Amino acid sequence: MAGIYIHIPYCKQQCTYCNFYFRISQKDKVEMLKCIEKEMELRKMYLENKIVKTIYFGGGTPSMLQASEIEKILQNIYQNYLIDENIEITLECNPDDITEEKLYEFKRIGINRLSIGVQSFDNEDLKFMNRSHNATQSKECIQMAKEVGFNNITIDLIYGLPNQTLEKWEKNLNLLFDLDIQHFSPYALTVEKKTTLKHLVDTKKVSLISDEEIVEQFNLLTNKAKEKGFVHYEISNFGKIGFFSNHNTAYWKNKYYLGIGPSAHSFNRISRRWNVKSNKKYIEGILNNANYFETEILGLKQQYNEYIFTSLRTIWGVDSNFVKNNFNAEMHKNMQKTSKKWLKKKYLTENGNILRLTEKGKLMADAIASDFFEV
Ligand SMILES: C[S@@+](CC[C@H](N)C(=O)[O-])C[C@H]1O[C@@H](n2cnc3c(N)ncnc32)[C@H](O)[C@@H]1O
Ligand code: SF4
């Protein structure tokens, strides 16, 4: 089982908080799409004999492409890889790119899951985030997607925003639940390097909300989502049964994935590889058979750390038998010692050989995972 991720490196404008890789100019788009297809062909051995169960178009803003351009990439994948008959194909969409006609086209070419970047249903928040859409466009986009027949829709939301009161966050959640969709990903705002947000915070033009307020927003989120029948299956992911993201689940379950396009990452358990974060260098590298990526071979400790970091965040938890069978005796012993400490403080629970975060543990997932790390 494996997944393919395709990074589409274009956006209309830079959102205040975002440091994903993209360019605003699309002058190299035709060449870029050719190179994406070429990379797809060049790297087919990476997933030799593996059945591809998920394809994910992320970015950047994949919905800026024409359906025919996405269709060409899909045809290329179908020609070069083994594809599962129930494949999940996700496309990240920004609401302002969407028309009814475009949605019908996306459906026709095989997209069966839409990930819509709503971020907030509050126009003030959207303005602060420098989003290129408003709340009405988001609601209309979701409604249209449902009418066109998409029955696997997820939206992204961000909480912990400056000036986001608990009431505002609750309003966002109520609007989300009224829309009756299958999945959503609420992310706690992080201040990333080289973003406008970082500059605003550093120059004290904007102040972040307190940790206590973020905890309140998180608790409201988890309680309301539970009431509405969503399963909190990963720290930032909630889905109705049968609608968890297969693509992301594969990441968290240590499955192989192939990343195509500038800045895309690939993983095959023993190594991690990442493509250059530059459209120009990527295109030159592909066209001239030159280097356009870096590779890191993962030692046993790194593989273990990777396993802990990804599985601890999920409902499936960390399996101590897996650690015992796949890593060494000392690592297994260290893991047990560390887990005792967090179990005692009630940040973890233990059910047979499975360790899971408790609700208060979920608020400290990264710190707890790093306490387990082998250095
Ligand atoms: C690849 S990005 C964006 C996809 C798409 N272009 C969009 O804007 O909707 C995926 C998601 O990461 C989240 N995200 C990006 N930067 C973030 C940050 N600094 N803090 C919290 N969430 C962030 C946003 O919710 C975003 O929708
Ligand atoms: S959040 Fe999405 S649209 Fe905004 S800059 Fe990042 S990738 Fe582009």
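Which strands each supply at least two residues of the shell around ligand 1? The strands are β2, at 51–59, β4, at 113–119, and β5, at 153–159. Before I go on, please keep in mind that this is a predicted model.

Let me stay with ligand 1. The ligand is surrounded by 16 residues. The closest of them are Tyr17, Gly117, Asp156, Tyr187 and Thr190. By class, the shell around ligand 1 has six nonpolar residues, seven polar ones and three charged ones.

Now ligand 2. Around ligand 2 we find Cys11, Gln14, Cys15, Cys18, Phe20, Phe22, Gly59, Gly60, Thr61, Asn94 and Gly117. Five residues of this shell are nonpolar and six are polar, and no charged residue is present. Gly117 is named around ligand 2, and Gly117 is also listed among the closest residues to ligand 1.

Two of the residues around ligand 2, Gly59 and Gly60, bring me to the backbone. The peptide bond that joins Gly59 and Gly60 is cis, with omega at about 20 degrees. Gly60 sits in the loop between β2 and α2. As background, most peptide bonds are trans, and most residues other than glycine have a negative phi.

That second point leads to Lys204 and Arg269. Lys204 is not a glycine, yet its phi is positive, about 60 degrees. Its place is the loop between α7, residues 196–202, and α8, residues 211–227. Is Lys204 buried or exposed? Lys204 counts as exposed, because 7 C-beta neighbours lie inside 10 Å, and 12 or fewer is the cut-off for that class.

Arg269 is likewise not a glycine and has a positive phi, about 75 degrees. This residue is in the loop between β10, at 265–267, and β11, at 271–275. Arg269 has 13 C-beta neighbours inside 10 Å, so it counts as partly exposed.

Next, the helices, beginning with α8, the helix on the far side of the Lys204 loop. The helix has 17 residues, and at 1.5 Å a residue it should span 24 Å. Its end C-alpha atoms are 24 Å apart, so the model agrees with the expected value. After α8 comes Gly229, with a positive phi near 85 degrees.

Helix α1 covers residues 29–42, which is 14 residues. At 1.5 Å a residue the expected span is 20 Å, and the end C-alpha atoms are 20 Å apart, so here too there is agreement.

Which residues of α1 are buried? They are Met32, Cys35, Ile36, Glu39 and Met40. These residues cover an arc of only 145 degrees around the axis, so they lie on the same side of α1. The face turned away from that buried side carries the exposed residues Val30 and Glu41. As for what covers the buried residues, the elements include β1 (2–8), α2 (67–80), β9 (256–260) and α10 (279–287).

Let me turn to the domains. The protein chain is divided into domain 1, residues 2–251, and domain 2, residues 318–375. Taken over C-alpha atoms, the centres of domain 1 and domain 2 are 30 Å apart. Contact between the two involves four residues of domain 1 and four residues of domain 2. On the side of domain 1 that touches domain 2, three residues are nonpolar, one is polar and none is charged.

I will finish with two loop residues, Phe327 and Thr358. Phe327 is in the loop between α12, at 320–326, and α13, at 329–344. With 18 other C-beta atoms within 10 Å, Phe327 is partly exposed. Which residues does Phe327 contact, leaving aside its neighbours within four places in sequence? The contacts are Leu300, Tyr304 and His332. Between the C-alpha atoms of Phe327 and Asn268, which are 59 residues apart along the chain, the separation is 17 Å.

Thr358 belongs to the loop between β15, at 354–357, and α14, at 359–362. It has 14 C-beta neighbours inside 10 Å and therefore counts as partly exposed. Not counting residues up to four places away in sequence, Thr358 touches Lys346, Tyr347, Leu348 and Thr349. Thr358 and Phe230 are 128 residues apart along the chain, and 17 Å separates their C-alpha atoms.

Conventions. Residues numbered from 1 in each chain as written. Chains lettered and ligands numbered in written order. Predicted model: local features only at pLDDT ≥ 70, side-chain atom pairs only at ≥ 80, totals over all residues. Near = placed C-beta within 6 Å. Helix = DSSP H or I, 4+ residues; strand = E, 2+ residues; numbered from the N terminus. Nonpolar A, V, L, I, M, F, W, Y, C, P; charged D, E, K, R; others polar. Domains from an automatic or database assignment. Contact = placed C-beta atoms within 7 Å. Expected span 1.5 Å × (residues − 1). Buried ≥ 20, exposed ≤ 12 C-beta atoms within 10 Å, placed from the backbone. Arc of directions from axis to C-beta.
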